Amino acid sequence: MTPGRLDGRVVIVTGGARGIGAAYVRALHAEGARVVVADLLEAEGRALAAGLGERARFEALDVTDAEAWERVVSATVQGWGGVDVLVNNAGIANAGPLEHYTRAKWDAVIAVNLTGTFLGCQAVAPVMRAAGGGSIVNVSSVEGLRGSEGLHGYVAAKFGVRGLTKSVAVELGSAGIRANSVHPGWIDTAMTARIDPSRLPIPLGRGGVPDDLTGTVVFLASDDSAYMTGAELVVDGGMTSGVGHR
């Protein structure tokens, strides 16, 4: 059997039970990693982990809860000896006109998308530092590169993830810990179901699917990206390369 690029590595994927997160879990597992499916969706998460076998396990995680993060990281270290890679993927979206965009909407999306990412970086840093290194992959969005009407909390959070990634990269680089952000464009998931990709300015002429992102995440998790940190990788079919609609 050909060795995988992540043989022996231990990876935590948040929001890993379905959609894009599940695609990351499968791709990382296929490269030899032991993968923790971390999510609030217990039935789906356990089913995914069980289907992958002994190199996958489920851990319930509310990414906005610092104590839950400590529990998941501790259980992973106890069970598998460490955490080599963290993929901060969990996220939600909401929208509304500025004048009617409620504080509750703002707080919810900032808590999950930005605070959850911060807490994840904070939780794995001591473990990775003790091990001499690791890789943190923070999933932002093309909305972390531009503004979009109505997506006030989401855009702010994803810009925040982009900036947080850079501060983490600068602070933890001397410990051998890398941090990079991924910026997907329109990807076919439940979150984007109401948006018609044919109306978006995508030079490649189609919307994305979860598997369009997995190669980038595997690359950032592996030693193939050993000299990359603080970088932002855009995977959007070229959508942010120009302006206008098709």
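Select asparagine 88 to begin. Not counting residues up to four places away in sequence, asparagine 88 touches Thr14, Trp69, Gly116, Thr117, Gly120, Cys121, Ile136, Val137, Asn138 and Val139. This is a predicted model. Asparagine 88 is found in strand E4. Its relative accessibility is 3%, so asparagine 88 counts as buried. Now show polar contacts. The side chain of asparagine 88 reaches the backbone oxygen of threonine 117 at 3.4 Å.

**The sheet**

Switch to cartoon and bring up the strands. Seven of them form an open sheet, with parallel pairing. Read across in the order E3-E2-E1-E4-E5-E6-E7. Strand E3 (56-60) and strand E7 (232-235) are the edges, each pairing on one side only. From one strand to the next, the twist averages 20°.

Next, select residues 85-88 and 134-139. These are strands E4 and E5, which run parallel and are joined by four bridges. Pick out valine 87: valine 137 in E5 stands opposite.

Move on to E6. Strands E5 and E6 pair in the parallel sense over six bridges. To find the register, show glycine 134, which stands opposite isoleucine 177 in E6.

Stay on E6 and colour by accessibility. How many of the eight residues of E6 are buried? Eight of the eight are, so E6 is largely enclosed by the rest of the structure. Check both faces. One side holds Ile177, Ala179, Ser181 and His183, all buried. The other holds Arg178, Asn180, Val182 and Pro184, also all buried.

**Helices across the strands**

Select residues 103-131. This is helix H4, which lies across E4, E5 and strand E6 (177-184). Helix H4 runs at about 180° to E4.

Then select residues 211-221 for helix H6. Helix H6 lies across E4, E5, E6 and E7, at about 170° to E6.

**The loop after H6**

Follow the chain from H6 towards E7. Serine 225 has its place in the loop between them. Is serine 225 buried or exposed? It counts as buried, because its relative accessibility is 1%. Its side chain reaches the backbone oxygen of serine 222 at 3.1 Å. Leaving aside neighbours within four places in sequence, serine 225 is in contact with Arg178, Phe219 and Leu220. Arg178 is one of the buried residues of E6.

**Helix H3, end to end**

Select residues 66-80 for helix H3. Put a distance between its end C-alpha atoms: they are 21 Å apart. At 1.5 Å a residue, the 15 residues should span 21 Å, which agrees.

Show side chains on H3. The buried ones belong to Ala68, Trp69, Val72, Val73, Thr76 and Trp80. They cover an arc of only 130° around the axis, which puts them on the same side of H3. What do the buried residues of H3 pack against? They pack against strand E1 (10-14), strand E2 (34-39), E3, E4 and H4. Trp69 also appears among the residues touched by asparagine 88.

Rotate to the face of H3 turned away from its buried side. The exposed residues Glu67, Glu70 and Gln78 are there.

Finish at the two ends. At the start of H3, select aspartate 65 and glutamate 67. A side-chain oxygen of aspartate 65 reaches to within 2.9 Å of the backbone nitrogen of glutamate 67. Just after H3, select glycine 81, which takes a positive phi of about 90°.

Technical notes
Residues numbered from 1 in each chain as written. Predicted model: local features only at pLDDT ≥ 70, side-chain atom pairs only at ≥ 80, totals over all residues. Heavy atoms only, no water. Pairing = 2+ DSSP bridges. Helix = DSSP H or I, 4+ residues; strand = E, 2+ residues; numbered from the N terminus. Axes fitted to C-alpha atoms, helices over the stretch in contact; angles between N-to-C directions. Contact = heavy atoms within 4.5 Å. Expected span 1.5 Å × (residues − 1). Buried < 20%, exposed > 50% of the residue type's maximum accessible area, 1.4 Å probe, protein only. Arc of directions from axis to C-beta. Polar contact = N/O pair within 3.5 Å; in protein donor to acceptor, adjacent residues only side chain to side chain.
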